[in-house]
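Colleague: Could you take me through this one and give me the reasoning behind each label? I would like to hear the cut-offs as well as the verdicts.

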Amino acid sequence: MIIGLVVVLLLCPCLGLAGWAFWQAGDDDDPIASPTASAPVDPTGRPTAMPTEKPSAAPTSAKPSPTRKEFAKGDCVVNDGTASDAELRKVPCGPNTYEVLLRIPATTDGDRCKTRAPQSTANYVHDNSLDFLDYVLCLKKR
């Protein structure tokens with residue numbers, strides 16, 4: 001009975017922590033996270049430079065999701081970094097922005113955009129030290 005109690009006491013916190021971590025998988029505000037990004041690539045695998053200019057004041061059809069670092073389907077982004085060290089920032093949708101078509105969690109395989117979002121023209125790979133916090137954004141230039 002003591003062995004069973006010890007197993008339960010060790011198993012419950014581990015399962016709770018794993019559940020919390022999985023639930024937070026899309027939360028980039030985690031202080032432990034140290035994200036790195038790869039350059040966006042087109043469907044053939046060639047690097048694609050993302051624009052760094054400011055978005056136009058044209059009306060938008062989609063509104064950015066509420067937090068700065070979480071990207072979801074329908075968000076529009078621009079790159080404030082370079083092609084090799086992308087720093088995406090959410091902006092109102094307009095010309096010279098990239099629309100997020102799909103967010104694929106727990107992977108760094110940018111080629112998955114070719115099959116899961118064939119209309120995408122670029123992708124963004126978020127590679128975190130914790131693999132379950134990795135994701136790929138399939139993007140389409142507007």
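Colleague: Happy to start with a charged pair: why do you call Glu 99 and Arg 142 a salt bridge?

Modeller: The term asks for a side-chain nitrogen of Lys or Arg within 4 Å of a carboxyl oxygen of Asp or Glu. In Glu 99 and Arg 142 the closest N and O atoms are 3.3 Å apart, so the pair qualifies. Bear in mind that this is a predicted model, where local features need pLDDT of at least 70, side-chain atom pairs count only at pLDDT 80 or more, and totals for chains, interfaces and linings use all residues. Residues are numbered from 1 along each chain as its sequence is written, and side-chain values use heavy atoms, with hydrogens and water left out.

Colleague: What makes you say that this salt bridge ties together parts of the chain?

Modeller: Glu 99 belongs to strand S4 (residues 98–105), while Arg 142 sits in the segment after S6, so the linked parts are 43 residues apart in sequence. Helices (H or I, at least four residues) and strands (E, at least two) are DSSP runs, numbered from the N terminus.

Colleague: Are Glu 99 and Arg 142 buried or exposed, and how do you know?

Modeller: Neither word fits, because buried means under 20% relative accessible area, exposed means over 50%, and partly exposed is what lies in between (1.4 Å probe, protein chains only). Glu 99 has 23% and Arg 142 has 39%, so both are partly exposed.

Colleague: How many salt bridges are there in the structure?

Modeller: There are 4. One of them joins Lys 90 and Asp 75, at 3.8 Å from N to O. That pair also links distant parts of the chain: Lys 90 is in strand S3 (residues 88–91), and Asp 75 is in the loop between strand S1 (36–37) and strand S2 (76–79), 15 residues apart.

Colleague: And how are Lys 90 and Asp 75 classed by accessibility?

Modeller: Lys 90 comes out at 14% and Asp 75 at 2%, so each counts as buried. Compare the salt bridge of Lys 114 with Asp 111, at 3.5 Å between the closest N and O atoms: Lys 114 is partly exposed at 38%, and Asp 111 is partly exposed at 44%.

Colleague: Which strands pair with S2?

Modeller: Two strands pair if DSSP finds at least two bridges between them. S2 has 4 bridges to S3, in the antiparallel sense, and Val 78 stands opposite Arg 89 there. S2 also pairs with S4, again antiparallel, over 2 bridges; in S4, Glu 99 is the bridge partner of Cys 76. On S2, Cys 76 and Val 78 point one way, Val 77 and Asn 79 the other, and all are buried.

Colleague: What makes S5 largely enclosed by the rest of the structure?

Modeller: It is a matter of counting: 5 of the 6 residues of S5 are buried, so the strand is largely enclosed. S5 runs antiparallel to S6, with 5 bridges joining them, and Val 125 stands opposite Val 136 in S6.

Colleague: Why is the aromatic pair of Tyr 124 and Tyr 135 called tilted?

Modeller: Rings of Phe, Tyr and Trp (its six-membered ring) pair if their centres lie within 6.5 Å; planes under 30 degrees apart count as stacked, over 60 as edge-to-face and the rest as tilted. The count by this rule is 1 aromatic pair. The rings of Tyr 124 and Tyr 135 have centres 6.4 Å apart and planes at 45°, so the pair is tilted. Tyr 124 is in strand S5 (residues 122–127) and Tyr 135 in strand S6 (residues 135–141), 11 residues apart, and both are buried.

Colleague: What lies over the face of Tyr 135, and how do you know?

Modeller: Arg 103 does, at 4.1 Å from the ring centre. The rule wants NZ of Lys or CZ of Arg within 6 Å of the ring centre and within 35 degrees of the ring normal.

Colleague: Lastly, what is Thr 108 in contact with?

Modeller: Contact means heavy atoms within 4.5 Å. Leaving aside neighbours within four places in sequence, Thr 108 touches Val 125, His 126, Asp 127, Asp 134 and Val 136. Thr 108 is in the loop between S4 and helix H2 (112–116), and at 37% relative accessibility counts as partly exposed.
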